[in-house]
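Me: I should like to learn how to read a protein model, beginning with its surface and then turning to single residues. May we look at one together?

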Amino acid sequence: MFKAINIEATFHLAHAIKQELSSQLEIQNLGISPMHVRVLKVIGQTHSSTAMDIAGLFKRDKAQITRLVNHLIDQELITKKPNPNDKRSQFLELTTTGEALQKKLKALSDKMENRMIEGIKEEDLEIFTQVAQQMKNNLIDRS
């Protein structure tokens, strides 16, 4: 029973985070989903990501990532530039508008995280982070 409770609690936490982020994105009228936020974050951090890189990172099929990327291009949040090492692929970059949105999303994320951890001791958060990381590693190592 204990193990089922851990899985259920983890599922509910992940779902609550995604719901809150979706709600905040809707309130801000940004026209993007939590997955778009994740893609934007990767592109902003790496400066040399391709759609294939993102698909591999998120373990999603390339078609799904391509749809997300095309939506972000249509909204002028990202652009493609040639990959000098592989003419078949293109690097994805944030536009100026995308960079501005990234800053807004960072502030939104910080506010949401502060609300989420309210009343939790620092040492408990450190333990939670270590345990969650170990759980993730355990699943990845056996996949």
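Reply: Let us begin with the surface. This is a predicted model, and its protein chain has an accessible surface of about 10600 Å², of which 55% belongs to carbon and sulfur atoms.

Me: What share of the 143 residues counts as buried?

Reply: A residue is called buried when its relative accessible area is under 20%. In this protein chain, 28% of the 143 residues count as buried.

Me: Which helices and strands are there, and in what pattern do they follow along the sequence?

Reply: The protein chain holds 6 helices and 2 strands. Along the sequence they are arranged as α-α-α-α-β-β-α-α.

Me: Which residues form a nonpolar patch on the surface?

Reply: The patch consists of Leu13, Ile17, Met116 and Phe128, which together have about 330 Å² of accessible area. Methionine 116 belongs to helix α5, residues 96–116. Its class, partly exposed, lies between under 20% and over 50%; methionine 116 is placed there because its relative accessibility is 42%.

Me: Where does asparagine 83 lie, and is asparagine 83 buried or exposed?

Reply: Asparagine 83 is found in the loop that links β1 (78–82) with β2 (90–94). With a relative accessible area of 10%, asparagine 83 is buried.

Me: What does the side chain of asparagine 83 reach at 2.9 Å?

Reply: One partner is the backbone nitrogen of asparagine 85, at 2.9 Å. The side chain of serine 89 is another, joined to that of asparagine 83 by a polar contact of 2.9 Å. Beyond its neighbours within four places in sequence, asparagine 83 is in contact with Thr50, Ser89, Gln90 and Phe91.

Key
Residues are numbered from 1 along each chain as its sequence is written. This is a predicted model: local features need pLDDT of at least 70, side-chain atom pairs count only at pLDDT 80 or more; totals for chains, interfaces and linings use all residues. Side-chain values use heavy atoms; hydrogens and water are left out. Patches are made of residues with over 30% relative accessible area and no salt bridge: like charges are joined within 9 Å, nonpolar side chains (Val, Leu, Ile, Met, Phe, Trp, Tyr) within 5 Å. Accessible areas come from the Shrake-Rupley method with a 1.4 Å probe; for residues, only the protein chains shown count as cover. A salt bridge is a side-chain nitrogen of Lys or Arg within 4 Å of a carboxyl oxygen of Asp or Glu. Helices (H or I, at least four residues) and strands (E, at least two) are DSSP runs, numbered from the N terminus. Buried means under 20% relative accessible area, exposed over 50%, partly exposed in between (1.4 Å probe, protein chains only). A polar contact is a pair of N or O atoms within 3.5 Å; within protein, one must be able to donate a hydrogen and the other to accept it, and residues adjacent in sequence count only if both atoms are side-chain atoms. Contact means heavy atoms within 4.5 Å.
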